[in-house]
Amino acid sequence: MNKRRVAGTVFAILALFSLLFIFANSLQNGSRSNSLSDPIIEKAADAVEAGGSSDAELVGYFKNFIRKTAHMFEFCIFGTMCYLAAYCLSGRHDILVLSTSFAGLTAAVIDEYIQYHTPGRTGMVPDILVDFAGVTLGILISRLAVYIYQRRKKDRG
């Protein structure tokens, strides 16, 4: 097996693990999910209050922002791993973005479906868009990394 196939297999396994991590988090009931994110949210709220604002609406905004950013980050990692796996295993750029985008959108829909059926959680269409934005960001980062890699490889000879 050549290095590229090995790398593609490793990225595919990492993509699978990242997806399992996402789905496992979505299966957490509402109170468990809150207990995982509340310590981070409390620190953000403390920072907002230390900045001179004790506005509950602003703290609520940060709470929502942190949760959405976490989802976006999870899906960014998934999108990155999917794109790199597809690139290493196929090398065809014409279908990589489309197939990786479709896989990411499908994962986002399934994730929200899981949350919809998990006690204390909600599945919402805007969250699918946030998750898909994360996948898209991951694809863009990966595409840029591949482009830089190819340019350096070409410049070396």
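This report describes the fold, the buried positions and the side-chain interactions of a predicted protein model.

## Overall architecture

The protein chain contains five helices and zero strands. Read along the sequence, its elements follow the pattern α-α-α-α-α. Named elements in the account below include helix α1, which spans residues 3-26, helix α3, which spans residues 56-90, helix α4, which spans residues 93-116, and helix α5, which spans residues 125-156.

Of the 157 residues in the protein chain, 33% are buried. The accessible surface of the chain amounts to about 9,900 Å², and carbon and sulfur atoms account for 68% of this area. Where contacts join residues at least 6 apart in sequence, 75% of them connect residues at least 24 apart.

## Gly-134 and the contact between helices α5 and α3

Gly-134 belongs to helix α5. Its relative accessible area is 0%, under the 20% cut-off, and Gly-134 is therefore classed as buried. Leaving aside residues up to four places away in sequence, Gly-134 touches Met-72, Phe-75 and Cys-76. Of these neighbours, Phe-75 lies in helix α3.

The C-alpha atoms of Gly-134 and Cys-76 are 4.2 Å apart in space, although the two residues are 58 positions apart in sequence. Cys-76 has a relative accessible area of 10% and so is buried. Another cysteine, Cys-82, also counts as buried, because its relative accessibility is 15%. The structure holds zero disulfides.

## The aromatic pair in helix α3

One aromatic pair is found in the model. It is formed by Phe-75 and Phe-78, whose ring centres are 6.5 Å apart and whose planes meet at 85°, so the arrangement is edge-to-face. The angle exceeds the 60 degrees above which a pair is assigned to that class.

Both phenylalanines lie in helix α3, with a spacing of three residues, about one turn of the helix. Phe-75 is buried, at a relative accessible area of 0%, and Phe-78 likewise counts as buried, at 5% relative accessibility. Phe-75 is also one of the residues touched by Gly-134, and the aromatic pair thus includes a residue in contact with helix α5.

## The salt bridge

The structure holds one salt bridge. In this interaction the side chains of Asp-127 and Lys-68 meet, with an N to O distance of 2.4 Å. The pair links distant parts of the chain, since Asp-127 is in helix α5 and Lys-68 is in helix α3, 59 residues apart.

The two partners fall into separate accessibility classes. Asp-127 is buried, with a relative accessible area of 9%, whereas Lys-68 is partly exposed, with a value of 22%. The boundary between these classes is 20%, and Lys-68 is therefore not counted as buried.

## The end of helix α4

Gln-115 and Tyr-116 both have their place in helix α4. Gln-115 is buried, with a relative accessible area of 3%, while Tyr-116 is exposed, with a relative accessible area of 56%. The value for Tyr-116 is over the 50% cut-off and therefore places this residue in the exposed class.

Residues up to four places away in sequence being excluded, Gln-115 touches Ser-26, His-71, Arg-121, Thr-122 and Gly-123. On the same basis, Tyr-116 touches Arg-121, Thr-122 and Gly-123. Arg-121, Thr-122 and Gly-123 accordingly appear among the contacts of both residues. Ser-26, a contact of Gln-115, is 90 residues from Tyr-116 along the chain, and the C-alpha atoms of Tyr-116 and Ser-26 are separated by 9.2 Å.

## A nonpolar surface patch

Ile-13, Leu-16, Phe-17 and Leu-20 form a nonpolar patch on the surface. Together these four residues have about 400 Å² of accessible area. Leu-16 has its place in helix α1. With a relative accessible area of 49%, Leu-16 is partly exposed; this value is not over 50%, and Leu-16 is therefore not classed as exposed.

Technical notes: Residues numbered from 1 in each chain as written. Predicted model: local features only at pLDDT ≥ 70, side-chain atom pairs only at ≥ 80, totals over all residues. Heavy atoms only, no water. Helix = DSSP H or I, 4+ residues; strand = E, 2+ residues; numbered from the N terminus. Buried < 20%, exposed > 50% of the residue type's maximum accessible area, 1.4 Å probe, protein only. Contact = heavy atoms within 4.5 Å. Areas by Shrake-Rupley, 256 points an atom, 1.4 Å probe, with all protein chains shown as cover. Patch = residues over 30% accessible without salt bridge, like charges linked within 9 Å, V, L, I, M, F, W, Y side chains within 5 Å. Disulfide = S-S within 2.5 Å. Phe/Tyr/Trp six-rings, centres within 6.5 Å; stacked < 30°, edge-to-face > 60°.
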